[in-house]
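Hi,

Here is the structure I promised to pass on to you. Have a look at it first, and then read my notes below.

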Amino acid sequence: MPEKSERSESPFLEIRRDGLAVVTFDDPDRGANVLAETVLRRLDEVVGQLAARARVGDVRGVVFQSGKPGSFIVGADVSEIGGIEDPDQGAEAGREGQRIYLALERLPVPTLAVVGGTCMGGGTELALACRYRILTDHPKAGMALPEVQLGILPGWGGTTRLPRLIGLQAALDLLLTGKTVRGHRARKMGLVEEVVPASLLEEDAEAVYRRILFDDPPSRTGAERGFFQRSLEDTAPGRALVLRQARKTVMERTGGHYPAPLKILDVVRESVGLPVEEALEIEAKALGELMATRVSKHLLHVFHLRERARKGTGLEGREGASDVEPHEISELGVVGAGVMGGGIAQLAAGKGIQVRMKDIEHDAVASGLQHARSIFDGAVKRHRMKEREADQAMERISGGIEYGGFGQLDLVVEAVVERLDVKRSVLKEVEERVPEGCILTSNTSTLSIDAMAESLTRPRDFCGMHFFNPVHKMPLVEVVRGTRSSDAAVATVYALALRLGKVPVVVGDGPGFVVNRILLPYLNEAGHLLGEGASIESIDAAATAFGMPMGPLRLVDEVGIDIAGHAGRILHEAFGSRAEPSAPLVAIGETDRLGTKGGLGFYRYEGKKEVGPDPEIYDLLSGAVPAERIEIDEADIRARLLLVMMNEAARILDEGLADSAADVDLAMIMGTGFPPFRGGLLRFADEVHPRVLVERLREYQAEVGDRFTPAPPLVRLAEADRTFYEAWPAPS
Ligand SMILES: NC(=O)c1ccc[n+]([C@@H]2O[C@H](COP(=O)([O-])OP(=O)(O)OC[C@H]3O[C@@H](n4cnc5c(N)ncnc54)[C@H](O)[C@@H]3O)[C@@H](O)[C@H]2O)c1
């Protein structure tokens, strides 16, 4: 009889015939294995037992495996990280994990990690402490060290062991990005010794374990590096070069706003060639310092926002929500095969959904299909999918100018031109052809969902599904709940967005919904600053210095001058003088410039590459901008750009168009690239505090104009001394 510990404990230890010890992680209380404190404590005991049994010859080899299909260990418990404010306490948490993994590494018998699913952070570090690692070909099987994304570093030996195993360059690529490596790539880089079919383990895992541990161990561990790589990594000047280059890339990618990747580079540089214990101590100290940073707390906050959205239903806080089941979607209709329609069809087909695309023009259908094909081709080129998979996905999309096939659709996304009359008649036509229960949605950016619903006989089955451009890149989908949309419609669209790999946020039906309503005042304020004489460079630089992925005027070009102008007019109609478009934005809208897509806007473009502000722009806009540029303080530019957004966000929350401050923050991060290291627009606003925001707004109101009048709900917050997150907490 094999000896077993209590099966309800995770990890549990079994000692089988011939001293084969099998340690299985299978937390009965969680869907995935997490290295929470209790699990670590139990692992510590198990490693202690293994050491004692190995010394007396009872244990001859150890396997670490997971009892959860498709998941190995997803890392440490992030909720335990959040509470750490003191660098010493953080370093201590690092040392504790390191001590257990060091004991594991020093077991006097061979050890093997069997990774048959998601393996992240502390899970990957456990595998790194083993002598051998194997991956299966399960689609979820892959290893990553994503700590950098939470503003910290892999502090249980990951930063120390990975470069020693796979070489400096390959290790930095993983440590600095947090990316996942799977299958044969992992084997090639030396991260695992073998990739085995998952079916083989299902049939006879023990035979594989015995072969690797006892009978025929892999002859090499770690990377096989070529001559060039070795000469680069094994000499001090070579390493210095690699590290310098990596630092340059980090600075380009992050603007220096994120301390973790820079710290990782320091740790790797300092610890190369040191004995493992000394390297681990450098790593632990660095972990503690990073854990205590504001940036790490903000990134953790954003992680929680994303997790909440991922686990959500779109019906949080609504009565009877638990009785609502989202509809299964296997066939999707897309009406309008333009930029957005083609992108939506591509996305859905790539996720295994049959798509029927309908337009009024043959040429539009052809170009929609072409658009989808080119996105798949790009994915093949970047090794994200195989050619055959791309072909199969394309076969899922059919297109035409008739409504053929609409009789069996589960959901339709309308993406025709942005005109209410056209959308109404299209939706009515579609409703007459689809089966009862089919959900209808519109991808409108600016029109009212309620106004569109008036043409429908089943308005309950209708809501907004607002994707952002380009569809395959932008992570956000605003799920717009109209007054008459049913819970089932909202839940179905929410679940579909998740299945498409997007981050859904439920918003109410109002002009610009949430993201565009907040973004437009920001773009418009950039126009006002330009009109006062600030240069394009100074305005955009103030925004990028704050951490925005691009400046507001560069963003107007990217969105399209025509599209931004149209949205601006809609918001002006809705909100009156405070949203009056600035003179320079109106003026550029009257030219034939389209922005990036036309090669000319505020900036010039060669292909898609921006080559600097157009030197002729000030002459072109001469009636709307002064003849000479004046200097406006960067702090003023930044404050004005941010305050108009925060002021609008207060109105949106007060009007109930977003459920919580957290939803606004998630939507702005995912929809506009608002810098995650700031934690979100309203988290940042709360740090400054609504009291201070109101004071600043009043100053600008006096100095600049009435559009800075503090919004009444923001004034109420300031008077009550409350923050956005206190006043609008997320419903559970
Ligand atoms: N482009 C963006 O940045 C963006 C972003 C988010 C949302 N949207 C919204 O998506 C929708 C589509 O925008 P787009 O940029 O893809 O436009 P587009 O002009 O590229 O495509 C619109 C397509 O609709 C077709 N069409 C027009 N009338 C039709 C009808 N009666 N039946 C079927 N097809 C018809 C046109 O032939 C064209 O192919 C709009 O509502 C827009 O507001 C656009």
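Let me start with what lines the ligand, keeping in mind that this is a predicted model. By class, the shell around the ligand consists of 14 nonpolar, seven polar and four charged residues. That shell is made up of 25 residues, and the closest of them are Gly 336, Gly 338, Met 340, Ala 364 and Asn 469. Two elements give two or more residues to the shell, namely helix H14 (339-350) and helix H17 (420-433). Of these, H14 gives the most, with three residues.

One of those closest residues, Asn 469, turns up again in the backbone geometry. Asn 469 is joined to Pro 470 by a cis peptide bond, with omega at about -5°. If you want to find Pro 470 on the screen, look in the loop between S17 and S18.

Those two strands belong to an open sheet of eight strands, which has the order S14-S13-S12-S15-S16-S17-S18-S19 and mixed pairing. Strand S14 (397-400) and strand S19 (503-508) are at the edges with a single partner strand each, so one side of each has no neighbour in the sheet. From one strand to the next, the twist averages 25°.

I went through some of the pairs in this sheet. Strand S16 (residues 439-442) pairs with strand S17 (residues 462-467) in the parallel sense, over three bridges. Here Ser 442 stands opposite Gly 464 in S17. Strand S18 (residues 476-481) and S19 are also paired in the parallel sense, over six bridges. In that pair, Val 477 has Pro 504 of S19 as its bridge partner. The connection may interest you too: S18, helix H19 (residues 487-499) and S19 form a right-handed β-α-β unit.

There is another open sheet to look at, with four strands in the order S5-S7-S9-S10 and mixed pairing. Its edge strands are strand S5 (70-73) and strand S10 (181-182), each of which pairs on one side only. Helix H4 (residues 122-129) packs on this sheet, where it touches S5, strand S7 (117-120) and S9. The direction of H4 makes about 85° with that of S7.

Going across the sheet, S5 and S7 run parallel and are joined by three bridges. Ser 71 has Thr 118 as its bridge partner in S7. S7 then pairs with S9 in the parallel sense, again over three bridges, and Cys 119 has Met 143 of S9 as its bridge partner. At the other side of S9, the sense changes: strand S9 (residues 142-144) and S10 pair in the antiparallel sense over two bridges. Met 143 appears here as well, standing opposite Val 181 in S10.

Next, a helix pair. How do helix H13 (residues 294-311) and helix H27 (residues 661-672) cross? Their axes come within 10 Å and cross at roughly 100°. An angle of 65 to 115 degrees counts as roughly perpendicular, and therefore H13 is described as roughly perpendicular to H27. On the H13 side the contact is made by Val 302, Leu 305 and Ala 309, and on the H27 side by Ala 662, Asp 665, Leu 666 and Ile 669. By class, this contact has six nonpolar residues, no polar ones and one charged.

Finally, a few backbone details that you may want to check yourself. Most residues other than glycine have a negative phi, and most peptide bonds are trans. Besides the cis bond before Pro 470, a cis peptide bond joins Ser 10 and Pro 11, with omega at about 0°. Pro 11 is located in the loop between strand S1 (3-4) and strand S2 (12-16). His 689 is not a glycine, yet it has a positive phi of about 95°. You will find His 689 in the loop between helix H28 (681-688) and helix H29 (690-703).

If you have time for just one spot, I would suggest Asn 469, which is among the closest residues to the ligand and also takes part in a cis peptide bond.

Happy to talk it through whenever suits you.

Best wishes

How values were computed. Residues numbered from 1 in each chain as written. Predicted model: local features only at pLDDT ≥ 70, side-chain atom pairs only at ≥ 80, totals over all residues. Near = placed C-beta within 6 Å. Nonpolar A, V, L, I, M, F, W, Y, C, P; charged D, E, K, R; others polar. Pairing = 2+ DSSP bridges. Axes fitted to C-alpha atoms, helices over the stretch in contact; angles between N-to-C directions. Contact = placed C-beta atoms within 7 Å. Right-handed = clockwise from strand over helix to strand, strands pointing away. Parallel < 35°, antiparallel > 145°, perpendicular 65-115°, else oblique.
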